Amino acid sequence: MKFTLSWLHDHLETNASVDEICEALTDLGLEVEGVENPGDALKAFKIGRVVSAQQHPDADRLRVCQVETDTGIAQVVCGAPNARQGITVVVAKPGMYIPGIDTTIQVGKIRGVESHGMMCSEREMELSDEHDGIIELPSGKVGESFVDWLAENDPAKVDPVIEIAITPNRPDALGVRGIARDLAARGLGVMKPAKVANVAGTFPCPINVTIDDDTRTDGCEVFMGRLIRGVKNGPSPAWLQDRLRAIGLRPISALVDVTNFFTYDMNRPLHVFDADKVAGDLRVHRSVGGETLTGLDEKEYSFAPGMVVISDDSGVESIAGVMGGLQTGCTGETENVFVEAAVWDMIQIARTGRALKINSDARYRNERGIDPAFNAPALELATQMIVEMCGGEASEVVTAGAVPDVARAYRLDTDRVQSLVGMEIAPDVQRATLSALGFVLDGDMASVPSWRPDVLGEADLVEEIARIASLTKLVGKPMARANVGVPKAILTPMQRREGIARRTAAALGYNECVTYSFIDRDSAALFDGGADVTMLENPISSEMSHMRPDLLPGLLQAAARNQARGYMDMALFEVGPAFHGGEPEEHHIQVAGLLVGNGCGRDPHGSRRVVDVYDAKADAEAVLAAIGAPAKAMIQRGAPDWWHPGRSGRISLGPKNILAVFGEVHPRVLAAMDVKGPAMAFTVYPERVPFARNKSATRPALMMNDLQAVERDFAFVVDVQVEALALVNAAAGADKALIEKVVVFDEFKGEQAETQMGAGKKSLAISVRMQPTGKTLTDKDIEAVSAKIVEKVSKATGAVLRG
């Protein structure tokens, strides 16, 4: 939306500067996108007077002029035919930039005669295309600023143009008067009284109008018009042409320019038909489909069934509320004109405009909403302006339909306004604000003006008051405490645990990912998901059809995208919910990590290696330790089938409470998700880790044992298929209070081992660390525990102590 400062002054009496107006508009929600001020480029130009003008000694068409300026007499060589003694001119001194020729002038010699500046033409000043001679001013003092002279004598040439962005909920601001109303409410001036007109019709209108029944409710609510006969359509007045050009519109003719003026001045689109080209009466109806029309833009449009059009007896003549037809358009020969003012259904206008791909000023305003109560006054004002410019005689007004009743009122609670806005706004100020915006107050009820379709409730009254008061005046204030003393923790224990897990994974070198909770059915099926209970009813796309059953699919997809872009080594993690059902409570929190490629970059020491299962295991244990999991946990087989069956494990407290899963991702899953493996991963279930019984934030006392620990090594002969983990778990269970740690330190297998120990056998050696707490262990105690270890291991695995 563009308008000029002088145009704004037609509606608002104000002394505010352009900068003050722009700042206020942006603060009011009408964001200023740009300001074009022609005077800025002309500020340095001054008025001068030619004292003498002599023929150039070496050029017939040049004159050597002595020009009186604010700094004295300057010699200027000029080639303009009207350069002569006694005229008042516009002078540019050396060093000044001339916008029309994109040149900075300097002192120079022209045919051997020095010239100290130049006298300018209108084209050189970008005031017009006139360049047959230099500017001759009818008045002006030597040394006076040329911009000031223009502002007083020809203000249109230095009229600033302001462009603002209009949000869809503010159609009233698509007219200059609506903008002025907001500024007046802010206090930047006083609104001038609205113009009114009442042009009496002197004869019945020969063109009648009707609206079909199926179009009246949601197509066109009211259609008014009148004939003006005997007009003389020619160029519009200079002031109107200047305004239209300033906002980027091309003046066409007086009749068309009047409709464009009302479109921008009052947000009131109008249309004029050449009445002599209208066959019979006008009818507003829905198209059957297949009708065609050549629009004013000289393009041909074909209508789909249901579009609202205006037809006469010969066919469609106008696209209702969007664009008129070329056939009945006004030209220089138009003598009789039919002026139309109508209220159209906003949704219908938007659908038609989009379908036909027409972006007109009329469509832009009609689809956002115009003032229905201004329909008849706008027709009267337009009639008055046409008669004043073009002459003619107006008929009586014909009307089809009725002006829609948009009256509504909402309660103004002044105390509630202050509570919601957070500012102290006096009740009388609130009422004055609404009154300035056109609301009518009756007690506590505020009736909404007809030009504000966006005000639909009490909350909108609050917004209007806050907008005019300016939210920039809000002062931040700390919220009052509900209870005196130290406030309670905001985060739940589980939320704190999630934060700890997140920081721990980041400290381990992982990069956090935040992926969608939706994945495709095939990916979900790889992780025991994809059932109908987790399927979305209205998915964003086919690739986001199901709730994720695990965090690993999202991390694997992220890894695939990184690999496709050349990043082969990565460590990714995510903390978030995974879903095992369709109900709100059927989800659980996971901490998932993914390792792909090498664990470190290339270096001259050869330390680079591919990540393995033990990297994932160590990181899973680190996360568990950080969130408070018990140090002693069981390592078991039996991970889900998206893990490698021989290179994965579970960390659990007992056989059922699984705290984490780690290992290598199954090659079948990697192939399906286009990830170049191998890939190691872990998944931690923080909700399954028991919380400490002691809720105190105080750390427990450090327990240092002063008794000597004892380590004993055992070598067992077992079957080749026996897992080392089975030996470790059995040995650790021999005496849980005494045995602190069990580790495997040697494995002897192969042909040589089978030769010594028998076919299908191998040797596993473990080290057991015993830490006494009450007394130092005697040899007898050590022997008793050792015997218990041998017994437990033998019973669990069939092992025999190696001799």
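Which residues in H7 meet Ala378, Leu381, Ala382, Met385, Ile386, Met389 and Cys390 in H10? Select both helices to find out: they are Ala254, Leu255, Val258, Phe261 and Phe262. To meet here is to be in contact, with heavy atoms within 4.5 Å.

Before you go on, know that this is a predicted model, where local features need pLDDT of at least 70, side-chain atom pairs count only at pLDDT 80 or more, and totals for chains, interfaces and linings use all residues. Residues are numbered from 1 along each chain as its sequence is written, and side-chain values use heavy atoms, with hydrogens and water left out.

**Stop 1: H7 and H10**

Helices (H or I, at least four residues) and strands (E, at least two) are DSSP runs, numbered from the N terminus. H7 covers residues 254–265, and its axis lies 10 Å from that of H10, at an angle of about 145°. Axes here are lines fitted to C-alpha atoms, for helices over the stretch in contact, and angles run from 0 to 180 degrees between N-to-C directions.

**Stop 2: the cores**

Now select Leu8, Ile21, Leu25, Ile162, Ile164, Ile179 and Leu183: these have the most contacts inside the largest nonpolar core, which has 76 residues. Such a core is a set of buried Ala, Val, Leu, Ile, Met, Phe, Trp, Tyr and Cys residues joined through side-chain atoms within 4.5 Å. Buried means under 20% relative accessible area, exposed over 50%, and partly exposed in between (1.4 Å probe, protein chains only). You've already met the helix that gives the most to this core: H10 (residues 375–390), with seven residues.

Then click on isoleucine 164. Not counting residues up to four places away in sequence, isoleucine 164 touches several others, among them Met1, Phe3, Leu25 and Ile179. For a second, separate core of 33 residues, try a selection including Phe203, Cys220, Trp344 and Ile349.

**Stop 3: H14**

Jump to residues 493–507, the 15 residues of helix H14. Its buried residues are Met494, Arg497, Glu498, Gly499, Ala501, Thr504 and Ala505. Show strand E33 (570–579), strand E34 (587–596) and helix H17 (613–626) as well, and you'll see what those buried residues pack against. Just after H14, look for glycine 509, with a positive phi of about 105°.

**Stop 4: valine 768**

Last, pick valine 768 in strand E41 (residues 761–770). Is valine 768 buried or exposed? It counts as buried because its relative accessibility is 0%. Add arginine 712: 56 residues separate the two along the chain, yet their C-alpha atoms are 5.3 Å apart. Other contacts of valine 768 include Val710, Phe714, Ile739 and Ile789.

Notes:
The expected span of a helix is 1.5 Å times one less than its number of residues.
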